[in-house]
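User: I am new to this structure and would like a close look at how its aromatic rings and paired strands fit together. Could you take me through that part carefully?

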Amino acid sequence: MISMELIAPCHFGMEAVLKREILDLGYEISKVEDGKVTFLSDAAGIALSNVFLRTPERILLKTGEFKAVTFDELFEKTKALPWENYIPRDGKFWVAKANSVKSALFSPSDIQSIMKKAIVERLKSVYGISWFPEDGASFPIRAAFMKDTVTIGIDTSGVSLHKRGYRQMTVKAPITETLASALILLTPWNKDRILVDPFCGSGTFPIEAAMMAAGIAPGMHRTFLAEDWKHLVPRRFWYDAAEEANDRVNLNIEADIQGYDIDPEALKAARFNARAAGVDKLIHFQQRAVKDLRHPRPYGFVITNPPYGERLEEKAALPQLYREIGESFRRLDKWSMYLITSYDHAENDIGRKADKNRKIYNGMLKTYYYQFLGPKPPRRNQ
């Protein structure tokens, strides 16, 4: 089987979580950088990583990496790559995105234009044709420059992997499915432990947790661009991945996953999305303010994305809201709380310094993932 390298971009700060996911899938890591993990794979890995990985934004098939400080150099080195190994003569190809950090070449439109011309010249000489119909499968190319080194990959996913397919209804400031999964995976939570999100919004944290508990692969109900790359990824690999995903699902489990929100419209969206994800039977949604958060059992988890006060009119309400979060958390017996926010005075208003915190970029917004750790439950007798 042909070996290849795949690049998995992720949220900044979530690289360790993604690395663990890839290792659990059975593939070897070749490089970990800010915002992406590169790993050694085979054609089957394109299907498996798209279907099963919960935390990356997309999966790219790496086609090359080189240094370029002039457009002539970019043209020649792009042209030297074996594009015919990836793009058939009827393939539709374009440079969908180019970004540049601390590099001599920084104009995305110029980079895209030069690279497209170089690929056309390469394929014209290989295929012996001067015109490309581009009416076949799609091959969107992405180029990332870092300190004059460009890494090039073809997008195998298409629509971003955070689009699981279940979130049809949203509310303001939703957290993405991939980030929610990564934040849950940063905790010791498992399906036998309680999980409550008191600001559940459209339900992303509870739904992602329920999907994990039930063994539902994040990509099992959507399609991917590389499904049309029959010359690179035979159809049987997609069928095998789908069959494995179906075999892993177990909805006959007991789970205590709860989502609260004060907004009835948010709860309507959350219930709708949970049904679409097939996990509505595993989650209890309820209209409730954070000050009314209660649970009789110990050793649970609060995992949540409370308001940040990004709008001026909301900022004034934040101190009281975060004090209520702290008061409710103190009433819970031996619980842990994991909270992502950009609010600067979160710890002060909650009334406790976090045991750990991690800087995470939620889009372009710098946030912190505050981790208030409770005691571990006693081990059960074997």
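Analyst: Two strands are taken as paired if DSSP finds at least two bridges between them. In this predicted model, strand β9 (residues 257-261) and strand β10 (residues 283-287) run parallel and are joined by 5 bridges. Between β9 and β10 the chain passes through helix α8 (residues 264-277), and this β-α-β crossover is right-handed. Within the pairing, Y260 has Q286 in β10 as its bridge partner, and the ring of Y260 also has R288 lying over its face, at 4.4 Å from the ring centre. A second arginine is placed in a similar way, since R248 lies over the face of F52, at 4.2 Å from the ring centre.

Turning to rings that pair with rings, a search of the whole structure finds 10 aromatic pairs. One of them is formed by F93 and F132, whose ring centres are 5.9 Å apart and whose planes stand at 85°, so the pair is edge-to-face. This pair links distant parts of the chain, with F93 in strand β5 (residues 92-101) and F132 in the loop between α4 (108-127) and β6 (138-146), 39 residues apart. F93 counts as buried at 1% relative accessibility, and F132 is buried with a relative accessible area of 9%.

F224 and W238, by contrast, form a stacked pair, at 5.7 Å centre to centre with 15° between the planes. Because F224 lies in the loop between α6 (204-214) and α7 (235-248) while W238 lies in helix α7, the pair ties together parts that are 14 residues apart in sequence. F224 counts as buried at 6% relative accessibility, and W238 is likewise buried at 6%. Finally, F301, Y338 and Y369 form one aromatic cluster.

Key. Residues are numbered from 1 along each chain as its sequence is written. This is a predicted model: local features need pLDDT of at least 70, side-chain atom pairs count only at pLDDT 80 or more; totals for chains, interfaces and linings use all residues. Side-chain values use heavy atoms; hydrogens and water are left out. Helices (H or I, at least four residues) and strands (E, at least two) are DSSP runs, numbered from the N terminus. A crossover is right-handed if, with the strands pointing away from the viewer, the path from the first strand over the helix to the second runs clockwise. Rings of Phe, Tyr and Trp (its six-membered ring) pair if their centres lie within 6.5 Å; planes under 30 degrees apart count as stacked, over 60 as edge-to-face and the rest as tilted. Buried means under 20% relative accessible area, exposed over 50%, partly exposed in between (1.4 Å probe, protein chains only). A charge sits over a ring if NZ of Lys or CZ of Arg is within 6 Å of the ring centre and within 35 degrees of the ring normal.
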